[in-house]
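Colleague: I am new to this structure and would like to learn how to read its features with some care. Could we look at it together and begin with the terms?

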Amino acid sequence: MQQPIKLGRPTEADTRHIAQVALRLFEQKGFEAVTMEDVARAASVSRRTLFRHFPAKADLVWTGTDELLGTLKSLAAPHAGRKLAVRSIVSELFVPVLAALDDPDTAEFARRRLKLIAGAPTLLTHPMLQETGALLVPLIDAHALPGCASPPLVAHTLVAAAFAAMQWWAEHGEGQSARETMLGALQGIAIAEERGPTAGS
């Protein structure tokens, strides 16, 4: 039996619904052209409610990152005081987090958000990427790195490479999982590094 359509403002804000409405507006009009008032109106919530859940417009695109960082911290906690190889960081932290994208609906929403971020460089200033890199720094063994490298450099480079792979997945990775794409990219970089420059280069 078809459920009746509920009219008026919802009594409790559905943050996922608001984020989906905002994403649709951003895709139609461009991120910079949409205002928070536009989002509030389209999502049938008050401006006050919108800002309570999303203090900045970029948070509408990066929604869920607090939970993601919380998951990463939980996965990193058992390794406190230990040092991990980069491949272990990928397998122990990144891969379990990306398992959430095995769900088709979640994956589609992620693809759309990543495509939007690629077209709106201002979204790359969100602290999510920097905070993820900072979380990895204590896990990286400085003594295992070449002299020109440091744990902060390696951590932030790893995050940047993984995020770039995710953006490629959003645009070109149809038929591949997010995990397959990220692992393929990072393994490809590692293999290229191990082999060194080819003859004649």
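Modeller: Let us begin with exposure, since we shall need it: a residue is called buried when its relative accessible area is under 20%, exposed when that area is over 50%, and partly exposed in between. Please keep in mind that this is a predicted model.

Colleague: With those cut-offs in hand, how does Arg179 count?

Modeller: Arg179 has a relative accessible area of 27%, and because this value falls between the two cut-offs, the residue is partly exposed.

Colleague: Which residue forms a salt bridge with Arg179?

Modeller: The general idea is that side chains of opposite charge can pair when their charged atoms come close. In this model the partner of Arg179 is Asp102, with 2.4 Å between the closest N and O atoms. Arg179 belongs to helix 9 (residues 178–195), whereas Asp102 sits in the loop between helix 5 and helix 6, so the pair ties together parts that are 77 residues apart in sequence. Asp102, at 40% relative accessibility, also counts as partly exposed.

Colleague: How many salt bridges does a search of the whole structure find?

Modeller: The search finds 4 salt bridges, and one of them joins the side chains of Arg47 and Glu37 at 2.5 Å, N to O. Here Arg47 is part of helix 3 (residues 47–53) and Glu37 part of helix 2 (residues 36–43), so this pair ties together parts that are 10 residues apart in sequence. Arg47 counts as partly exposed at 45% relative accessibility, and Glu37 counts as partly exposed at 32%.

Colleague: Where do Asp38 and Arg41 lie?

Modeller: Both lie in helix 2, 3 residues apart, which is about one turn of the helix, and their side chains meet in a salt bridge of 3.3 Å, N to O. Arg41 is exposed, because its relative accessible area of 60% is over the 50% cut-off.

Colleague: How should I read the empty space, and how much of it lies in the largest pocket?

Modeller: In general, rolling a probe the size of a water molecule over the atoms shows where empty space is left. In this case the largest pocket holds about 1,200 Å³ of space. Its lining is made of 41 residues, and those nearest the centre are Thr63, Gly64, Thr65, Leu68 and Arg113.

Colleague: Which helix gives the most to that lining, and how do the lining residues divide by type?

Modeller: Helix 4 gives the most, with 7 residues, and the lining as a whole divides into 26 nonpolar, 9 polar and 6 charged residues.

Key:
Residues are numbered from 1 along each chain as its sequence is written. This is a predicted model: local features need pLDDT of at least 70, side-chain atom pairs count only at pLDDT 80 or more; totals for chains, interfaces and linings use all residues. Side-chain values use heavy atoms; hydrogens and water are left out. On a 1 Å grid over the protein atoms alone, a cavity is a set of points where a 1.4 Å probe fits but cannot get out, and a pocket is an open set with protein on both sides within 12 Å along at least five of seven lines; lining residues have an atom within 4 Å of a point. Grid points are joined across faces, edges and corners, and a volume is the space filled by probe spheres set on the points. Helices (H or I, at least four residues) and strands (E, at least two) are DSSP runs, numbered from the N terminus. Ala, Val, Leu, Ile, Met, Phe, Trp, Tyr, Cys and Pro count as nonpolar, Asp, Glu, Lys and Arg as charged, and the others, Gly among them, as polar. Buried means under 20% relative accessible area, exposed over 50%, partly exposed in between (1.4 Å probe, protein chains only).
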